[in-house]
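Q: I would like a close look at one part of this model, and then at how that part fits into the rest. Please keep to what can be read from the coordinates.
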There are 2 protein chains.
Amino acid sequence: MKLKVKEINFETGNAKDIVLNINDAQELGQKAGERVFVKNMKSKSLEEKYWVAIIQIDYLGTIVEPGEIGVFRNMLREKKELKNETIVSVKSADPPDSFKFIQKKIKGLKLSSEEINGIISDAVSGSLSRIDLAAFITAVSINGMDNEEMTALTLSETRSGEIFYFGMDVYDKHSTGGVPGNKVSLIIVPIVAAVGLTIPKSSTRAITSPSGTADSMEVLAPVAFTPEELNKIVAEQNACIIWGGALETAPADNILIEIERPLHMDPIGLMIPSILTKKLSLGVKKLVLDIPVGEGTKFATPIKGKQFAYLFKEIAANVGIEAECALTLAHQPIGHAVGPALEAKEALTLLRDYSVGPNSLIEKSTDLAGMLLEMSGKAQKGMGQSMAKDILHSGKAYEKMKKIIGAQGGDPNITPEEIKLGPHVKEFSSPKEGYIVEVNNSIINQIAKTAGCPSSKTSGVEIIKKQGAKIKEGEIVFKIYSHSESKLRKAEKVYNATGGPIRLGGMVIERI
Amino acid sequence: MKLKVKEINFETGNAKDIVLNINDAQELGQKAGERVFVKNMKSKSLEEKYWVAIIQIDYLGTIVEPGEIGVFRNMLREKKELKNETIVSVKSADPPDSFKFIQKKIKGLKLSSEEINGIISDAVSGSLSRIDLAAFITAVSINGMDNEEMTALTLSETRSGEIFYFGMDVYDKHSTGGVPGNKVSLIIVPIVAAVGLTIPKSSTRAITSPSGTADSMEVLAPVAFTPEELNKIVAEQNACIIWGGALETAPADNILIEIERPLHMDPIGLMIPSILTKKLSLGVKKLVLDIPVGEGTKFATPIKGKQFAYLFKEIAANVGIEAECALTLAHQPIGHAVGPALEAKEALTLLRDYSVGPNSLIEKSTDLAGMLLEMSGKAQKGMGQSMAKDILHSGKAYEKMKKIIGAQGGDPNITPEEIKLGPHVKEFSSPKEGYIVEVNNSIINQIAKTAGCPSSKTSGVEIIKKQGAKIKEGEIVFKIYSHSESKLRKAEKVYNATGGPIRLGGMVIERI
């Protein structure tokens, strides 16, 4: 069938979508969501072949008339010879083989690495629709993936994009998330880099939390770089703290995440390949994985975290990454600050002066950094944490952080005092005397996000006193910062409605 | 957040989709596929409330700039006050409760009827995205639905649309499909209606087959009617043979089918409610279900067909429908004709003159019609088929069919000879003598669809001789009809490449 291109002023979720009038679709015998082959008959390229497109149908004829094919902007950008009135040849197409592999996973069968490669390459090319991928992700959530499948998926996702090489020994640290204020990467990276280890830390922006490492780092320096720029930064400083999203690594992983996220699905069978793919793409060889456990994290109990850790180490080893895992506490925030600017400030303050703490941030950061130092052989077994503390205490980590900030285009001499907060601030004081028995993470997240995090960098919260602390009546326990007065008021309302994140115990608690 | 409407010249698969610029989506803290509440601030309607919309994101700012919200044509039709530049208020929204019920099914848990109602009403309103529904369908495919869930789903889907009332006793016949040439409804409906029973037969157009009952009937009379027209036809003739798609019954079922189809999924948990919903919507009380079994059908073995039959009867009883099921042979086509016009012609020829057969069509039609006559009490147990044969033989069924054709706006005096075929025809003769040992349904379907079925009504195939027949060398065994010479040539190619659907056995077969 010959059809005339009609440009549509819209970008679709799948770059292979096209629109047919219902009459032409019927003539081709294809329904919405099924496929056609399309070819530009007048292409000047000798390479021009039939490509697969996924059908959307115009039932009313208001977008494309019979004889027309609607082509979206994303495809017009890719197929530059297509313009209004271009004549293309269209014929019906069967689903790709990878569609059958998805059916196989739905039936609970194991996929071979060739089959997984097929699914991944068709996901990237757009030959599998978003609905097909939603079915795949759901099937993996229910039927799982075994070690071989996760290994194959990791390798396949990694091959779908750019792969960096920063040398033989490349280190990294990652967290499975779920604790507010977890700015440890801003301390770990400069400690590890200060002794000469290569640590190209790429991280995400916040997805469901008030701040991701990339959001906090962006307060100090730019975080979005091209592959060339990244190579230059790491060659100079053997380290970086950047946003992974700007690189062209593992597009397949991003495509799956774009569908997992609205489905609120994060099955282990996809989570492990997703973490390892990002690391493999940056050439990481040795990795410390921080696994917060408890309420609000991905692992409700230490047992579940431990099972995950063993599985993770195994798949990591299969793809050539030596991984060590640390189960960590997640009952209250790390440090006192939550929100991009507040976290950057807390980290920079500690780097500059070890003695100001906070202890929870020092302990967690140096524990994890110490593990990397031991893995590298720089520290003897059991001596990693004290070496990390020495580096932090000596100011060498601070010096390294300044250089990283400078290399990424930030002001290396920025002081914590220069970091802008708020400007709208509200303090909350304790109505009575007592001991803090609970600091509720989920209320903290809710307040911080209501105040404007993460899109407003200067918004956030400060938890002045934490679990176990004795406080007096009228003492300030909590502060909210916001860029907007109305958002500050809304965040206050959340504080009042929930009673705030700080729970006091009275004498009973004290006597125990 | 206040945003300015920008009209987008496109219709989306989900009527609740809108487009936000990435900056505004970040400010709202929402990602693609997540939700916002939207409200027209200047609406003149006192009823105006926030409605839910699902976010598509413009990452490049080429469609909507910051401060704009892209609104598609389908929503512009529904919300008539929305125009370019209209100011709307937008705020972030959580997924609806029904989203959690889908997660529950993914976890393998049973859904309550309230939960199923929630999913169905949000599917119809568009508050659940197509990706959410793909996850639901996949979860049902894997984890199944029990009797109570299927019962609740049937009732819920039925309530989602128009429900007809044609009296206390309403009969119907349905087939689970998979046999080519299954034009039995064109014989059964007039037989049953001739004795005064009410049988408002709604059927589908072909989905994967060369012709559906609605496609064949459309050769004789229009099949698309409004509810008012349908009421008039059935009041007059106590029967009809129409296309169900034009009625506004059970939109929820159609929404699920639109996603099941490209996924090639048809799980029992959705199939049974889908069949029963269509029947309940037309007020059917007594139903005969034709269950073809064997290769190419939904039930590979009689055992599987039987299990399905028992389950179907049970769910039907739960929703107030008395169902009888018939497992039927599916090893070769029913009758000799496949394709809309060829099937209409074969049916009309038999109605006019019982003696011309074909036998397979007489036997299957009168067997199923006889079951309905027995269920109604018009025939005694065991006497239904002979009564049905009498009605067919007497010409009363033919007279009734003429009236139905007339009531639907066709020419009641149309003769089989006036039905247009082809016009391009190719005959195939046997290269040798022998007995027909196989007539391959899947090759027949492939050839008929290549020739132009079902969108071309005059295209199709004729199987001159069937299984068991002795044929001579040079005898014509198969004919292809097509509206297009080039499609005829393509269909010929399929015949030659596959060796055709007719397989001969030699002497060995004869001797058995």
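Between which two elements of chain B does the loop that holds Pro423(B) lie?

A: Pro423(B) lies in the loop between helix 16 (396–407) and strand 13 of chain B. Here helices (H or I, at least four residues) and strands (E, at least two) are DSSP runs, numbered from the N terminus. The model is predicted, so local features need pLDDT of at least 70 and side-chain atom pairs count only at pLDDT 80 or more, whereas totals for chains, interfaces and linings use all residues. Residues are numbered from 1 along each chain as its sequence is written, and chains are lettered from A and ligands numbered from 1 in the order in which they are written.

The peptide bond that leads from Gly422(B) into Pro423(B) is cis, with omega near 10 degrees. Another cis peptide bond of chain B joins Gly357(B) and Pro358(B), with omega about 0 degrees; Pro358(B) is placed in the loop between helix 13 (340–352) and helix 14 (359–376) of chain B.

After the loop of Pro423(B) comes strand 13 of chain B. This strand belongs to an open, antiparallel sheet of four strands in the order 12-15-17-13 (chain B), where two strands pair if DSSP finds at least two bridges between them. Strand 12 (337–338) and strand 13 (424–429) of chain B are the edge strands, each pairing on one side only. Within the sheet, strand 15 (residues 460–463) and strand 17 (residues 476–482) of chain B run antiparallel and are joined by four bridges; in strand 17 of chain B, Phe478(B) stands opposite Ile463(B). Helix 18 (residues 485–498) of chain B packs on the sheet and touches strand 13 and strand 17 of chain B, its direction making about 145 degrees with that of strand 17. Such angles run from 0 to 180 degrees between N-to-C directions, with axes fitted to C-alpha atoms, for helices over the stretch in contact.

Chain A has an open sheet of four strands in the order 12-15-17-13, also with antiparallel pairing. Strand 12 (337–338) and strand 13 (424–429) of chain A each have a single partner strand, so one side of each is left without a neighbour in the sheet. Strand 13 and strand 17 (residues 476–482) of chain A pair over six bridges, and Lys426(A) stands opposite Ile480(A) of strand 17. Helix 17 (residues 441–451) of chain A lies across strand 12, strand 15 (460–463) and strand 17, at about 140 degrees to strand 15. In the domain assignment of chain A, which is automatic or from a database, domain 4 covers 424–511. The centres of domain 1 and domain 4 of chain A, taken over C-alpha atoms, are 55 Å apart.

The two chains are superposed by a rotation of 180 degrees with 0.0 Å of shift along its axis (RMSD 0.1 Å), by least squares on the C-alpha atoms of residues with pLDDT of at least 70 in both. The copies are thus related as by a two-fold rotation axis.

Their contact takes 38 residues from chain A and 38 residues from chain B, two residues being in contact if their C-beta atoms, placed from the backbone, lie within 7 Å. Among the elements of chain A that each supply at least two residues are helix 1 (22–28), strand 4 (51–58) and helix 5 (130–143). Helix 5 of chain A gives the largest share of that side, ten residues.
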